[in-house]
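The exercises below are to be worked with the sequence and the coordinates side by side. Each task is followed by a solution that proceeds step by step.

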Amino acid sequence: MGQNELDQNQAPVIDALAEHQKLGRYGFTPPAHRQGRGVDPRVLEVLGEQSFKADVVASSGLDDRKSSNGYLSTAEELLAAAVGADKAFFSTCGSSLSIKAAILAVTRGEGDLLISRDAHKSVVSGLVLSGLQPRWIKPRWDDELKMSHPPAPETVEEMWQRYPDASAALIVSPTPYGTCADLEAIVEICHKRGKPLIVDEAWGAQLPFHPDTPTWAMDAGADICVVSVHKMGLGFEQGSIFHLQGNLVDPIRLNQCADVLSTTSANTLIYGAMDGWRRQMVQEGKAMIDRALNLARRVRKEIEALPGLHVLEDELVHEEASHDLDILHILIDVSQLGISGYQATDWMRENCRIDLGTNDHRRTEAVISVSDDDETADKLLSGLRALVDAAPSLPRAPAVVIPKEEDLFLETVMLPRDAFFGPVEVIPIEESPGRIAAEMATPYPPGVPLLLPGERINQAAIDYLRSGVEAGMVLPDPADPTLKTIRVVREVPHEHEQ
């Protein structure tokens with residue numbers, strides 16, 4: 001069926017699930033809960049009986065054993081047609097899987113890859129699995145804000161000149177702060193060399209459906225873009241899509257790389273939610289995003305008016321910063337209150353039952369989605385007013401030692417795979433400067449590693465991480481999250497390796 005013949009008003013996975021329930025099908029196949037029959041009533045009370053009814057095996061259940069009805073493939077075709085990609089692939093293992101599959105697909109399992117150093121930890125995991133050599137593209141460091149902006153096209157050009165044999169480039173846009181790279185210029189730089197551009201667009205699910213949002217990667221000409229439906233779309237956690245266009249990446253190889261990493265027991269709830277979300281966006285998306293953008297403008301203005309709070313905007317899009325900004329990301333500087341972003345986030349959760357997202361030593365973030373309205377916005381504003389009132393009684397924010405730019409980006413001296421899988425030893429953190437890291441240290445959120453396997457540790461990185469942990473930074477990946485010790489490459493291998 002050609003894309004021009006597809007009816008965007010259908011949702012094949014959702015429709016098939018509805019038909020499955022209507023017909024009263026029963027399977028002597030996984031899942032063993034048999035559409036909820038055997039599930040503890042206490043579990044059903046929390047998760048709902050309907051969620052189990054919609055959780056069926058994809059083949060020999062939702063479809064026949066040959067998948068002859070093509071529910072999933074049609075849903076993917078519909079999505080590709082809706083957003084203007086050549087192909088779309090659903091993933092139920094999050095964008096972490098999708099980005100790894102993209103990395104593997106553009107290489108032959110070896111060689112160099114140009115990667116923006118603000119990449120998510122899933123990219124580093126892809127490097128560990130693949131054995132590829134990262135050539136890091138430096139983001140633009142803002143010494144005043146103590147945060148990074150997406151890399152400039154000129155920096156990407158310079159990296160291609162230094163590493164002309166690299167397989168591809170990978171850029172993050174939008175970032176978790178909503179800042180965006182100049183994708184059209186970066187695409188042109190890559191394509192004049194016949195090299196593909198991968199865009200980690202995990203935060204960009206809404207971009208294809210509204211003209212006033214930042215540039216959608218496929219419109220900019222990117223070859224692969226990875227989208228997390230659960231972040232800014234209306235899907236379940238783990239729902240992800242990777243889109244493909246052009247002839248620089250083999251679609252079969254991309255699909256097979258995803259298959260190597262993916263589960264063979266994909267969850268039909270995740271598929272169905274992505275399928276239904278695409279239909280909803282085609283039918284109502286522009287109006288829904290209109291409302292969200294208008295709401296975000298009001299909320300940004302009202303937060304800015306609160307004493308001690310500042311919403312970042314102009315300073316994120318000036319000439320030396322981001323090319324564009326997704327205003328649905330409301331990044332709030334709380335430093336004038338004398339507290340940290342960690343404190344603000346924890347206080348709002350504990351006292352207002354409001355969860356905020358990306359946070360650091362001076363900022364916290366609220367992200368508006370198409371699901372928000374005046375009621376939820378007022379809840380946020382009420383909580384922030386209470387935070388302003390409570391701030392004078394909170395302990396002063398512990399100082400976080402932010403590295404200077406020249407100390408921020410560490411030297412890669414080993415392949416991440418070799419450092420991760422090779423012989424390691426655990427040493428006191430005070431002894432680690434000069435040693436080679438064998439594990440990641442990733443402030444989370446947003447999930448951008450400060451320290452990677454294969455990088456030479458410096459004192460500034462340790463001072464930042466240790467002071468950050470004391471101030472409330474969360475490091476989920478080191479073996480010792482308190483960072484009293486760290487895993488480093490063993491310099492003199494012994495007979496019995498760890």
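**Exercise 1: Helix H14 and its surroundings**

In this predicted model, the cover over the buried residues of H14 includes H12, S13, H13 and S14. Determine which residues of H14 are buried, and describe the extent and the start of the helix.

Solution. Begin with the limits of the helix: H14 runs over residues 374–390, which makes 17 residues, and from its first C-alpha to its last it reaches 24 Å, close to the 24 Å expected at 1.5 Å a residue. Next, inspect the start of H14, where a side-chain oxygen of Asp373 comes to within 3.1 Å of the backbone nitrogen of Glu375. Finally, list the buried positions of H14, which are Ala377, Leu380, Leu381, Gly383, Leu384, Leu387, Val388 and Ala390.

**Exercise 2: The three-stranded sheet**

Establish the strand order of the open sheet that contains S11, S13 and S14, and explain why one side of S11 and one side of S14 lack a neighbour in the sheet.

Solution. The three strands follow the order S11-S13-S14, and their pairing is antiparallel. Strands S11 (310–311) and S14 (363–367) are at the edges and have a single partner strand each, so one side of each remains without a neighbour in the sheet. The antiparallel pairing of S13 (residues 329–333) with S14 extends over five bridges. Across this pair, Ile330 has Ala366 in S14 as its bridge partner, while Leu331 stands opposite Glu365 in S14. Helix H12 (residues 268–304) packs on the sheet, where it touches S11 and S13, and its direction makes about 5° with that of S13. As for the enclosure of S14, four of its five residues are buried, so the strand is largely enclosed by the rest of the structure.

**Exercise 3: Placing Cys352**

Decide whether Cys352 is buried or exposed, and identify its contacts beyond the neighbours within four places in sequence.

Solution. First locate the residue: Cys352 belongs to helix H13, which spans residues 341–352. Its relative accessibility is 17%, and because buried means under 20%, Cys352 counts as buried. With the neighbours within four places in sequence left aside, Cys352 is in contact with Trp347, Lys379, Gly383 and Ala386. As a last step, compare sequence with space: Cys352 and Leu384 are 32 residues apart in sequence, and their C-alpha atoms are 9.0 Å apart.

Key: Residues numbered from 1 in each chain as written. Predicted model: local features only at pLDDT ≥ 70, side-chain atom pairs only at ≥ 80, totals over all residues. Heavy atoms only, no water. Helix = DSSP H or I, 4+ residues; strand = E, 2+ residues; numbered from the N terminus. Buried < 20%, exposed > 50% of the residue type's maximum accessible area, 1.4 Å probe, protein only. Contact = heavy atoms within 4.5 Å. Pairing = 2+ DSSP bridges. Axes fitted to C-alpha atoms, helices over the stretch in contact; angles between N-to-C directions. Expected span 1.5 Å × (residues − 1). Polar contact = N/O pair within 3.5 Å; in protein donor to acceptor, adjacent residues only side chain to side chain.
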